[in-house]
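Biologist: Let's take a close look at a single part of this model, please. I would love one connected walk through it.

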Amino acid sequence: MPQGRLAVVGLGPGDAALMAPAARAELDRAQDIVGYTTYVRLAGPFAPGQIVHESDNRHELQRARAAFALAAQGRRVAVVSSGDPGVFAMAAAVLEVLDTTDDPGWRAVELAILPGISAAQAAAALAGAPLGHDFCVVSLSDNLKPWEVIERRLEAAAAADFVLALYNPVSLARPWQFDRALDLLRRHRAAATPVVLGRDVGRPGESLTVTSIGAMRAAAVDMRTVVIVGSSQTRTVARADGSSWVYTPRSYRDVPPGETG
Ligand code: SAH
């Protein structure tokens, strides 16, 4: 049996120009493309001989197992993720399956992870440089971890004065969590602290909103939004068109009292 290959490919935020050439090349030579419908569409178009396996976003481990099963038959398989496949995405699911399988065929598969530009990076670039100093990345989804863990992490990160990039901020199944998170963050930040909302970054209908922790409302975000909440140091500077750049300076000054939590 020829050895198969399983590549976990980061598509970047959506715009083909923001996909790494290595990712594009991997997709072009894949025989099978496995992924959530929306992401598979972003990865195309595909040649007639390439087989596309679309699946529901919730079943990451199932999808990873399906990909191993194909690759173990000797096929060249690409599993696609939006952004970076290592950030709340398929790379960890694929490694978890590798970690728990006893199948020597699956263990023999050649595995590669191809990075992509993550949503927070793409949104940060549109806004300026809000991630210019230390930052934390937190998913607000409590599908895969208890809400108490999320609150504890937000509390610790806010108390330590990190800039926060929040993924999966809100969904129909999680109506109150984002408000709770905002209340918690407001206890640690001045009302004027800049907040960046990047929605559908790199995709049709892309939007960027610069607001503040005091003014922002949960209704302004959805699952297609990444939220960046500034630290005590994050500030804005006017753009020529009257809107604002947001940045966090390279050097840390003015340590606010009580920020050690
Ligand atoms: N692996 C992805 C993240 C998957 S989690 C990455 O690295 O970007 C899904 C969450 O990512 C969404 O709920 C949203 O918060 C964010 N996200 C992904 N793509 C986005 C985009 N193009 N614009 C804004 N947010 C995005």
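How many of the 6 residues of strand E4 (residues 76-81) are buried?

Modeller: Happy to help! This is a predicted model, where local features need pLDDT of at least 70, side-chain atom pairs count only at pLDDT 80 or more, and totals for chains, interfaces and linings use all residues. Residues are numbered from 1 along each chain as its sequence is written, and side-chain values use heavy atoms, without hydrogens and water.

Strand E4 is mostly covered, with 5 of its 6 residues buried (under 20% relative accessible area, 1.4 Å probe, protein chains only). Strands here are DSSP runs of E with at least two residues, and helices are runs of H or I with at least four, numbered from the N terminus.

E4 pairs (at least two DSSP bridges) with strand E1 (residues 5-10): the two run parallel and are joined by 6 bridges. Within that pairing, Gly10 has Ser81 of E4 as its bridge partner. Strand E2 (residues 32-36) also pairs with E4 in the parallel sense, over 3 bridges. There, Ala78 of E4 has Ile33 opposite.

For some context beyond the strand, turn to helices H7 (residues 147-159) and H8 (residues 177-186), whose axes come within 10 Å and cross at roughly 25°. These axes are lines fitted to C-alpha atoms over the stretch in contact, with angles from 0 to 180 degrees between N-to-C directions. H7 and H8 are therefore roughly parallel to each other (an angle under 35 degrees).

How values were computed:
Parallel < 35°, antiparallel > 145°, perpendicular 65-115°, else oblique. Buried < 20%, exposed > 50% of the residue type's maximum accessible area, 1.4 Å probe, protein only.
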